[in-house]
Amino acid sequence: MDVRELAMQQLKTVIDPELGINVVDLGLIYDLKIAGGQIDVLMTLTTPGCPLHDSIAGGVKRALEQIDGVRDVRVQVTWNPPWTPERMSEEALRQLGHFS
Amino acid sequence: MSSVFPTRTGTETDVRLPFSFIMFAVLAFAASQLLLLWAVPALSSGAFRLPLVWAAAHLGLLGFALMTAMGAMYQLVPVAFLTPIWSERLGFWQFAVTAVGIVAFAVSLAAAPKRAFLPGLLLLFGIVLFVWQMAMTLRQQETKTVMTLFVATSLLFLLLTGAAGALLAFHFFAATGANHHEAVFGLHVLFGLCGWFTLLIMGFSYKMAPMFSLAHSFSMRPARYVYALYISGIAAAFASLFLRSHAWLAAGAALLMSGFVVFASHIRAILQKRMKKTLDRPFRFSLAAVAIGLALHVAAFAAIVVGSGRWLGIIVYLFIVGWIVFSIIGYLFKIVPFLWWTHRYSEKVGQQHVPTLKQMMNERAVAVQCRLWLAALSLAAVALAVASVPLLAVAQTLLAGLSIAFAGTMLAVFRK
């Protein structure tokens, strides 16, 4: 498994505790740049002023740091473009009570 | 070596600060409900202005509602307004001053109302410190929103409510002010219930409702009309107190009702845009409080038009419990688990499995409590309407029991 796949797998362990859905299925991860032992993450949250800002962004950093060979993880939270529900996966929508 | 930039907002508050306020509040709530049990015979006859009722009402409104609002604001203002608290050190001092002031004030109201002035001044000092703290914090906010307007105005009303309360206590202390005591009392109730609590709950509902329902792409334009109508209503009702005009009072009640109707419709419109189909029980309870608030605004308008003072007293009691206290209970069911989760698990996200916020509380117990709160309020409303002492005693016993169960549920979060 390459580092990108490993990283996505790790990110799926970071759950938004209010919604119970991981950050990948929520569509919060905008970009992942992997170069050598460094990962740069560009991500967002469902709303600016989210009380879970530090918990989720910090969780993303810690999850990626656990990958063998990763020395440096940099996480940047952006509001541009803002998150939209269209970014969610079918699994996230199902967990939110859609399709039932 | 790894670095994080700039993931930390740098706005989070030391959780001990909001916790201090909220734990004091939960215990004061149980105490106020137990005190009210003693006042059941007087309450059922429509006599609300008695020392014991004053003490219980102020322990409930100040000890529970005000302290919860203060604690919640120490937590929510930094995250919702992206602005750190101006001085956390001042926050702890403000907690101490306000807590001592509330206890001393409630005790003196029950035992010797004439001596309530000095503890009242201490309490007022605590309120002034809080308003100063929040004013300095909000000043730092880069982009002001309509929420800022609601919250800043509510703070101004908190200050005016406290000042009016101190003036009332001074009337007793110095045996003076008979000519305008009634007007100041009306102002104290109006500013406290509508200006402070209602505007504050409305303002934060605009943050909480979309957040808890994952609502998206909704308009915030109606919030301006809510603000304009509600403030005009408070102004007209305020004028009626000094003009002694029934027409102005009716106009004020009509405007307050219209503002609340627009607010309730706006919250409904926001929820129609939600992505989360099944809403949590605590949040649904807060929404039930909005429906109760709406019904009581309509009822208050009707009572004022027909000139029923007895009904207005009952409506004020139901407004405090059904709108203000229920809104706060609903949001506390969300805020307390969040605070404890942040303290206990925030740094473990991404490293190990952590519980969701829902798992921080016994959901079944919360569901039962929410239903019982609504049943107890309905029973109290019927008891007050038919002036039945035994029925009110049952309702108040249920409310007192529920307030203890609520305190237990909150304390149980700390075992998670």
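**Exercise 1.** Over residues 8-77 of chain A, what percentage of the chain is helix, what percentage is strand, and how far apart are the end C-alpha atoms?

*Solution.* Keep in mind that this is a predicted model. Start with the record: an unreviewed UniProt entry annotates residues 8-77 of chain A as "domain: MIP18 family-like". Next, go through the secondary structure of that stretch: helix makes up 24% and strand 33%. Last, take the two ends, whose C-alpha atoms sit 17 Å apart.

**Exercise 2.** Work out how α6(B) and α8(B) are oriented, and find the residues where they meet.

*Solution.* Step one is to locate the helices: in chain B, α6 spans residues 146-174 and α8 spans residues 221-243. Step two is the geometry: the angle is about 20° and the axes are 10 Å apart. Step three is the cut-off: angles under 35 degrees count as roughly parallel, so α6(B) and α8(B) are roughly parallel to each other. Their crossing is left-handed. Step four is the contact: B:V146, B:L149, B:F150 and B:T153 come from α6(B), and they meet B:A223, B:R224, B:Y227 and B:I231 of α8(B). Sorted by class, that gives six nonpolar residues, one polar and one charged.

**Exercise 3.** Describe the side of chain A that touches chain B.

*Solution.* First the head count: chain A puts in 35 residues and chain B 33. Now look at the elements of chain A that give two or more residues: these are α2 (53-65) and β5 (72-77). Of the two, α2(A) brings the largest share, with 12 residues. Finally, sort the chain A side by class: 14 residues are nonpolar, 13 polar and eight charged.

Definitions and conventions:
Residues numbered from 1 in each chain as written. Chains lettered and ligands numbered in written order. Predicted model: local features only at pLDDT ≥ 70, side-chain atom pairs only at ≥ 80, totals over all residues. Axes fitted to C-alpha atoms, helices over the stretch in contact; angles between N-to-C directions. Helix = DSSP H or I, 4+ residues; strand = E, 2+ residues; numbered from the N terminus. Parallel < 35°, antiparallel > 145°, perpendicular 65-115°, else oblique. Left-handed = near helix turned anticlockwise from the far one by under 90°. Contact = placed C-beta atoms within 7 Å. Nonpolar A, V, L, I, M, F, W, Y, C, P; charged D, E, K, R; others polar. UniProt positions renumbered as here; feature names shortened; annotations may be inferred.
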